[in-house]
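I sat down with this one to look up a few contacts and a bit of strand layout. Here are my notes, in the order I took them.

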Amino acid sequence: MGDKNNARVLDKDGIKRVLKRIAHEIAEQNRGPEEVAVIGIKSRGAFLAERVAKDLGTIKKTEIPVGAIDITLYRDDLTEIAEQPVVHGTEIEFDITGKHIVLVDDVLFTGRTVRCALDELIDFGRPAQIQLAVLVDRGHRELPIRPDYIGKNVPTSTKECVEVRLEETDGVEEVVVTNEKKI
Amino acid sequence: MKRRSKTSAARAQWTKKHLLGIEDLTKEEILLILDQAEGFREIIERAIPKVPALRGKTIVNLFCEPSTRTRTSFELAAKRLSADTVNIAMAASSFQKGETLKDTVRNIEAMKIDMVIIRHSSAGVPKFLSGCTKAAIVNAGDGAHEHPTQALLDVFTMRKHLGRIEGLNVSIIGDIAHSRVARSNIWALKKLGANVTVSGPKTMMPARMEEMGVRVVYDIGAAIKGADVLNVLRIQLERQETPLFPGTREYVKCFGIDKERLAKHAKKDVLIMHPGPINRGVELSQDAADGEYSVILDQVKNGVAVRMAVLFLLSVSK
Amino acid sequence: MKEGSNYKIPKNEEKQHESGVIMKILIQNGRVIDPVAGIDKKMDLLIKDGKIIKIAASIKEKADETIDATGKMVVPGLIDMHTHLREPGREDKETVRTGLRAAIKGGFTAVCPMPNTDPPCDNQAQVKFLKEKAEENGIAEVWPIGTITRGRNGKALSEMTELKEAGVPAVSDDGDSVEDAGLMRRALEYASMIDLLVISHCEDKKIAGDGVMHEGYWSTVLGLAPIPAAAETVIVERDVRLAALTGARLHIAHVSTAESVDVIRQAKKKGIPVTAEVTPHHITLKDEDLKNYDTNLKVNPPLRSISDIKALKEGLRDGTIDVIATDHAPHLVNEKEQEFDHAPFGMIGLETALALSAALIDEGYLDWKALVEKLAVNPRKILRVPGGTLKEASRADVTIIDPGRGWVYSKESSESRSQNSPFFGRKLKAQVTDVISGGKIVLREGEIK
């Protein structure tokens with residue numbers, strides 16, 4: 001963690017604050033009688049989604065349905081990727097048709113992951129709306145995708161790597177930009 | 001890239017090009033398929049039960065032996081992964097047409113096929129084909145040799161219901177000699193640490209069975225007693241040309257599984273499995289086949305998920 | 001002079017002499033092994049006009065052709081008493097010509113084609129046909145085996161007296177047992193009357209069923225239909241009893257099980273006139289080798305277990321098994337490229353027999369003298385055909401072997417018309433380098449002349 005090449009852009013408190021703000025923005029945007037549900041993209045997006053849903057539930061004083069989506073099978077680079085893909089399974093235990101779905105991910109980069117998630121969501125039903133919330137937007141889009149809620153804009157070069165570390169998966173809470181691009 | 005999870009790094013990599021049998025697989029590879037199948041089971045339940053993972057791939061179902069169940073299951077698995085499927089039904093021996101088996105495969109290959117799912121009445125055919133084609137070969141049952149996906153779905157179902165495989169007592173009952181299901185199940189269960197008992201008429205028990213690491217009993221009561229799972233095999237009445245048992249009545253009397261026999265010998269929560277199709281009233285009585293511990297229909301459902309996992313892993317094999 | 005022999009194939013020794021092709025061949029410095037004459041030492045051999053005329057420690061005489069056999073074994077021409085030449089009927093698989101060329105490559109100066117041809121060799125005309133074909137080729141002797149039953153139908157006796165007069169040294173329904181035990185009893189009785197050898201293919205088809213491999217652990221694992229050892233042994237037992245009953249000379253073909261060896265051993269102890277052979281592949285390959293489902297390993301009787309192989313080798317050592325014979329069985333590639341269940345039984349073996357058998361020497365089961373007995377002497381004694389010795393005045397059939405030479409069996413070098421051998425690409429030791437057949441050099445430095 002003490003690596004000199006690593007620049008920490010968010011710490012534990014920062015992540016907490018940013019997520020809370022996103023929850024407020026979501027509440028603001030979806031003020032009507034429509035039902036909102038939050039779906040995270042596995043694996044870290046799923047944990048973020050749970051936190052956002054909790055915050056949102058507190059604000060709206062109701063329980064917000066939350067789900068998790070595994071986009072492995074929708075990837076457009078399945079046969080090319082160096083690491084063998086592993087299917088973790090999608091968990092959406094409510095009907096998404098007619099709902100306002102907030103899709104949550106940790107880092108928005110090329111937009112390809114979100115494209116996969118959109119395709120997959122459509123296979124589950126017909127939501128009234130799909131909105132996108134990300135903890136970090138690092139730029140370099142390859143598809144016409146734009147987030148509705150952004151935790152933090154982090155300008156990066158393509159050589160850099162943005163790592164979101166969460167308690168659930170990594171034992172710490174932070175967002176760092178590293179120099180070496182991991183494969 | 002950022003989607004990589006901790007668990008995947010610790011997993012076994014899938015490196016096999018073909019799925020020819022369970023005997024060739026390691027414990028880790030079997031577990032990898034089972035874990036992946038969990039992820040695929042959910043897809044089957046979706047409003048649109050289809051994912052684009054194998055889009056653009058062409059899979060041939062080459063069935064040289066009649067089979068509705070396995071072929072449909074494979075076809076469904078392939079379609080749910082968005083692969084294009086072609087069904088070819090062939091006579092058991094291509095030689096009858098003056099064409100060798102190799103010719104058949106070369107013809108298929110000329111059509112640019114990615115995978116061949118093969119069912120054949122002769123043992124060793126998938127192995128033979130894997131040596132003469134670039135396509136991935138999936139064994140959907142070869143003679144009395146192996147039926148790997150059936151065994152995988154059987155252990156998947158057991159694990160789903162009982163939470164584990166290691167230490168389970170599994171009894172396989174019926175015509176062991178002619179059963180590829182029995183052989184594949186024995187390999188899978190032994191590799192995963194279960195205790196396997198086989199039972200059936202001695203005329204249907206192959207030579208030196210114990211050397212496969214199983215217990216052989218001819219008393220059905222002993223096979224049922226203490227078992228967590230009873231995997232009951234179909235009795236091939238059509239094999240009666242060279243009679244291996246005196247008749248159906250005698251078979252039912254000695255080896256048929258029914259409510260009374262279960263009440264007398266079985267553990268309360270014993271799981272009843274059958275690879276289908278069932279000869280009701282022969283190897284399984286009506287009440288046992290449809291009883292509370294029968295998971296036969298669940299097996300069918302799991303079959304699609306397991307086959308999806310297999311097709312997926314073969315397509316991303318490194 | 002030498003070129004002449006390529007174009008003009010002499011009909012017999014006289015003609016060869018008249019035509020003026022090589023008259024004198026001198027083989028020098030080889031280790032001469034002749035169990036019949038009791039010779040096993042370095043000697044020279046002089047051949048003239050188709051006969052061995054001199055054998056001595058050192059022969060200083062000018063010859064038309066001199067072969068330096070330093071470091072090599074000089075032995076009587078080998079004989080294969082169990083060959084399938086497929087002619088007439090399946091000339092697409094093998095012919096007398098291609099079969100004999102393969103034989104010469106393997107060091108055999110004589111072969112006994114089995115009568116399961118189409119039509120079967122059950123009459124004088126068939127025997128004559130084969131003998132004439134062999135003479136046309138002029139490179140090796142052919143001793144056709146006649147059938148036990150007419151048309152090999154297992155129903156009525158063939159005309160054994162006529163067959164014997166035509167020159168068959170034995171009768172056999174090889175490929176099948178004579179299923180009817182009563183008929184087999186009569187066959188043995190009748191054959192014994194004219195002192196004709198009966199060769200029995202021992203297989204109870206009802207027990208063997210639709211089996212394709214040895215019954216044991218590996219048939220269980222591979223899911224291939226099994227043939228129990230008993231399918232062979234019950235018929236060995238039956239025929240040994242019938243030989244005892246009738247006094248007929250009985251020879252058991254391709255023995256493959258430990259139990260059969262035991263039955264034959266006991267029979268010999270009791271003085272029953274029974275002899276036996278084993279194939280090189282049955283002592284080289286085991287049932288486990290089938291795990292890749294290579295149809296070239298599908299043979300009948302099937303490749304057996306390790307303990308059977310050990311018993312077969314013990315049988316060779318103690319003399320229970322008298323002969324090594326190939327059961328050379330050519331089949332087409334497209335027939336062998338079938339499902340294991342549907343591919344025909346059999347493998348070719350003439351060219352690899354010596355090398356595979358010579359492994360028994362390294363393993364300590366046989367010495368060279370014993371190996372020569374199994375491959376050259378005993379078959380001729382059992383068949384009562386001449387040869388098998390290098391004594392002066394005997395027909396000049398000589399095989400020269402380089403015992404230490406490593407070589408790889410290849411499809412390109414094979415003379416057989418068929419390619420159903422599992423040994424292609426395998427590194428072998430001991431190679432036949434030169435063969436003299438009827439006084440003529442037919443193989444020189446591994447090349448057929």
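**Entry 1: B against C.** I began with the contact between chain B and chain C, which takes 24 residues from chain B and 19 residues from chain C. A reminder to myself: this is a predicted model. On the chain B side, I wanted to know which elements give two or more residues. They turn out to be helix 4 (101–110), helix 5 (125–130) and helix 7 (180–191) of chain B. Helix 5 of chain B gives the most to the side that touches chain C, with three residues. I also looked at the classes there: the side of chain B that touches chain C has 10 nonpolar, eight polar and six charged residues.

**Entry 2: B against A.** Next I turned to chain A, where the contact takes 25 residues from chain B and 23 residues from chain A. Which helices of chain B each supply at least two residues here? I found helix 1 (6–10) and helix 2 (27–44) of chain B. Helix 2 of chain B gives the most to the side that touches chain A, with five residues. By class, I noted 10 nonpolar, five polar and 10 charged residues on the side of chain B that touches chain A.

**Entry 3: inside C.** Then I checked how chain C is divided. The assignment gives domain 1 (2–75 + 393–448) and domain 2 (77–383) of chain C, so I wrote domain 1 down as two stretches of residues. Over C-alpha atoms, 26 Å separate the centres of the two domains. Their contact takes 35 residues from domain 1 of chain C and 41 residues from domain 2 of chain C. On the domain 1 side, the elements giving two or more residues are strand 5 (73–76), strand 16 (398–408), strand 17 (427–437) and strand 18 (440–444) of chain C. Strand 17 of chain C gives the most to that side, with seven residues. I split the domain 1 side by class as well: 20 nonpolar, nine polar and six charged residues.

**Entry 4: a sheet in A.** Last, I looked up an open sheet of three strands in chain A, with the order 1-8-7 and antiparallel pairing. Which strands sit at the edges? Strand 1 (7–10) and strand 7 (161–165) of chain A do, each pairing on one side only. From one strand to the next, the twist averages 30°. I followed one pair further: strand 1 and strand 8 (residues 174–178) of chain A pair in the antiparallel sense over three bridges. Within strand 8 of chain A, Val175(A) is the bridge partner of Leu10(A).

Terms used. Residues numbered from 1 in each chain as written. Chains lettered and ligands numbered in written order. Predicted model: local features only at pLDDT ≥ 70, side-chain atom pairs only at ≥ 80, totals over all residues. Pairing = 2+ DSSP bridges. Helix = DSSP H or I, 4+ residues; strand = E, 2+ residues; numbered from the N terminus. Axes fitted to C-alpha atoms, helices over the stretch in contact; angles between N-to-C directions. Contact = placed C-beta atoms within 7 Å. Nonpolar A, V, L, I, M, F, W, Y, C, P; charged D, E, K, R; others polar.
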